[in-house]
Amino acid sequence: MCGIVGYVGHQQATPILIGGLRRLEYRGYDSAGVAVANNGNETRVIRCRGKLAALEALLEQEKPLGTCGIGHTRWATHGRPSDENAHPHKVGSVAVVHNGIIENHVGLRVRLRAAGRTFSSQTDTEIVAHLIDEALLEGAPSFIDAVRKALRQIEGAYALVVLSDLYPDQIIGAKNSSPLVIGLGKNEAFLASDAPAILEHTREVIFLEDGDIVELSRKDVRVSDVDGKPLSRAPRTITWTAAQAEKAGYPHFMLKEIFEQPRAVTDTLRGRLLVDKNDAVLDGLDLGSGIDRVVLIACGTSYHAGLVGKFLIEASARLPCEVDLASEFRYREPVITGRDLVVGISQSGETADTLAALKEAKSRGARTLAICNVVDAAIARAADAALYTHAGPEIGVASTKCFTAQLAALTLLSIHLGRRTGRLSEDAAADFIRELLLIPNKMTVALESMGEISKIAERYKNAKDFLFLGRGTNYPIALEGALKLKEISYIHAEGYAAGEMKHGPIALIDDGIPVVVIAPRGKGYEKVLSNLAEVRARDGHVIAVATVGDKTIAEQCHSVLWIPDAPALLQPLLTVLPLQMLSYCVALARGNDVDQPRNLAKSVTVE
Ligand code: AGP
């Protein structure tokens, strides 16, 4: 997830681009850059690693002049944050900014290298600049024809904005799966990832659709498809304030991030599932041989993802898998050998406990892997290898989309290990991958059917305690549901393995305690129903998370939160959604600061 802007018109482009990038910095902030076309002279590209402030300091020294330009604030996905990997990427006459992931970048790079081209970055984006430059040199009749020729060769998700020295009064944008909005002005036009970047200049916008290509000049805005067929896209007037628009109209980042989860999971899976080979590839890593055991270490929500990971890895790869709290790992004498794969899971990649535990494991000879959302963060650097989640920046302190993206990454890891060890048969992998690919749509369905949650939240907002119960793969989700509620509503909550209730917590149950029972159909369902009956027999108020259409549950509970059916190993990707929403709605009903709850920090960089 990156932020991109483009401008063509009668004003100086640089201040407009920087103003836009400032409003997009929440989409990424590991490097930034601009390219400005200068009336037939060579386009100036100024870019650097670091936040936008670093770019602004550079621009103090030399402000590129020109009325047509593009800009970018980066959230690295391919290639570490560095000056060379910062956008725009310029090849020949062509400068490109990009948000998304080019899935077939490896094959294209090989082809372009064989054609004598050299690369100056590790990004997938530079390939797009090469392809357009190649098309221009091969005699494409116009700039847009060259862009179309390049687009026909790439697969994946992109919002692209392109300019060329040869066409200094024109910018071209293209969209597929990543957002891109046009701003319409008088004798000027804008392009951006998100409306807040341009709202101070215009409120007349066109939201592009997948497959759209747009040609912008001072006088004209033309939308067409990859074959050149003109398309009509109606302008809309935006009524949001810039601050509202930054959150895409949502009142809080947490809510926006909850709804971004189908996209975060899709992006994390993107290009890594080989459907025709019933396999998962992990960005060139080859794991499996020489591994006798997997150890997952993490804190907080990431630890809960690890607990689900244990089910996935044991089921698919039949390797023993242990999950450890990073804050505990170092303080006993962990038994680690050179045949262990130790995986540090961290959204931020900066958590001090996880970093220290990973280093400890490495010093004891383990192979180490980081599952991390921030490219080149400390934990990714400390590990032998990294598998990145592609959730984009998470701003809300309570982690939501990074959790489900971590589950997606662990699912990929389990398939990869299962195929390498030979313990996941091709048929079983095919079935599992088929179900996995259905999950993002099922997540959308689950998120769209949560109308009742605010009523439930209102009803229980003054409860002193909550209990969350789950079994099997949904036990970690009970823990996560309780953690989410504690973090932002400040209500005491406990997650428990449903079968453990009778060994103690059942003493807590009376008519004052809401009990959230995670009871989707499938493995362990009947047993959870029994636990639910035990709660009901003691007057507990039951809120169930259940499979849509389950009448038995509906008859036995006070409220039900529905999710689509899925195999047990994939259920956590769905069952967690209503629990995130429940905690959000309870916190809201109590008037709490949802995005910045008291006493918490997004990255815990102290032990
Ligand atoms: C999640 O909602 C929390 N804010 C917290 O538990 C978090 O998951 C934990 O601090 C670990 O962070 P990390 O994933 O960045 O390492």
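In which strand does isoleucine 206 lie? In this predicted model, isoleucine 206 belongs to strand S11, which runs over residues 204-207. Because its relative accessible area is 6%, and buried residues are those under 20%, isoleucine 206 is counted as buried. Its separation from glutamate 534 was also computed: the two residues are 328 apart in sequence, and their C-alpha atoms are 56 Å apart in space.

The domain assignment of the protein divides the chain into domain 1, covering residues 3-242, domain 2, covering 255-446, and domain 3, covering 453-589. Between the C-alpha centres of domain 1 and domain 3 there is a distance of 46 Å.

A second buried position is lysine 175, which is found in strand S8, made up of residues 167-176. Lysine 175 has a relative accessibility of 10% and therefore counts as buried. Polar partners of its side chain were identified: a polar atom of the lysine 175 side chain lies 3.1 Å from the backbone oxygen of serine 178, and the side chains of lysine 175 and aspartate 210 are joined by a polar contact of 2.8 Å.

The surroundings of the ligand were examined next. The ligand is surrounded by 15 residues, of which the closest are Ser302, Ser346, Gln347, Ser348 and Thr351. At least two residues of this shell come from helix H9 (300-317), and at least two from helix H16 (475-489). With regard to individual atom pairs, an oxygen atom of the ligand lies 3.1 Å from a polar backbone atom of threonine 301, and an oxygen atom of the ligand is found 2.7 Å from a polar backbone atom of glutamine 347. For threonine 351 the pair involves the side chain, in which an N or O atom is 2.4 Å from an oxygen atom of the ligand. Taken on its own, the ligand has 410 Å² of accessible area, and 91% of this area is covered by the protein.

Helix H14, which spans residues 426-448, contains 23 residues and extends 34 Å from its first C-alpha to its last, a value close to the 33 Å expected at 1.5 Å a residue. At proline 440 the helix H14 bends by about 35°. Proline 440 is also one of the buried residues of H14, which include Ala429, Ala430, Phe432, Ile433 and Leu436, together with Ile439, Lys442, Met443, Ala446 and Leu447. In general, residues three or four places apart in an α-helix point the same way, because there are 3.6 residues a turn.

Key
Residues are numbered from 1 along each chain as its sequence is written. This is a predicted model: local features need pLDDT of at least 70, side-chain atom pairs count only at pLDDT 80 or more; totals for chains, interfaces and linings use all residues. Side-chain values use heavy atoms; hydrogens and water are left out. Helices (H or I, at least four residues) and strands (E, at least two) are DSSP runs, numbered from the N terminus. The expected span of a helix is 1.5 Å times one less than its number of residues. The bend at a residue is the angle between axes fitted to the seven residues ending there and the seven starting there. Buried means under 20% relative accessible area, exposed over 50%, partly exposed in between (1.4 Å probe, protein chains only). Domain bounds come from an automatic or database domain assignment. A residue is near a molecule or strand if one of its heavy atoms lies within 4 Å of it. A polar contact is a pair of N or O atoms within 3.5 Å; within protein, one must be able to donate a hydrogen and the other to accept it, and residues adjacent in sequence count only if both atoms are side-chain atoms. Accessible areas come from the Shrake-Rupley method with a 1.4 Å probe; for residues, only the protein chains shown count as cover.
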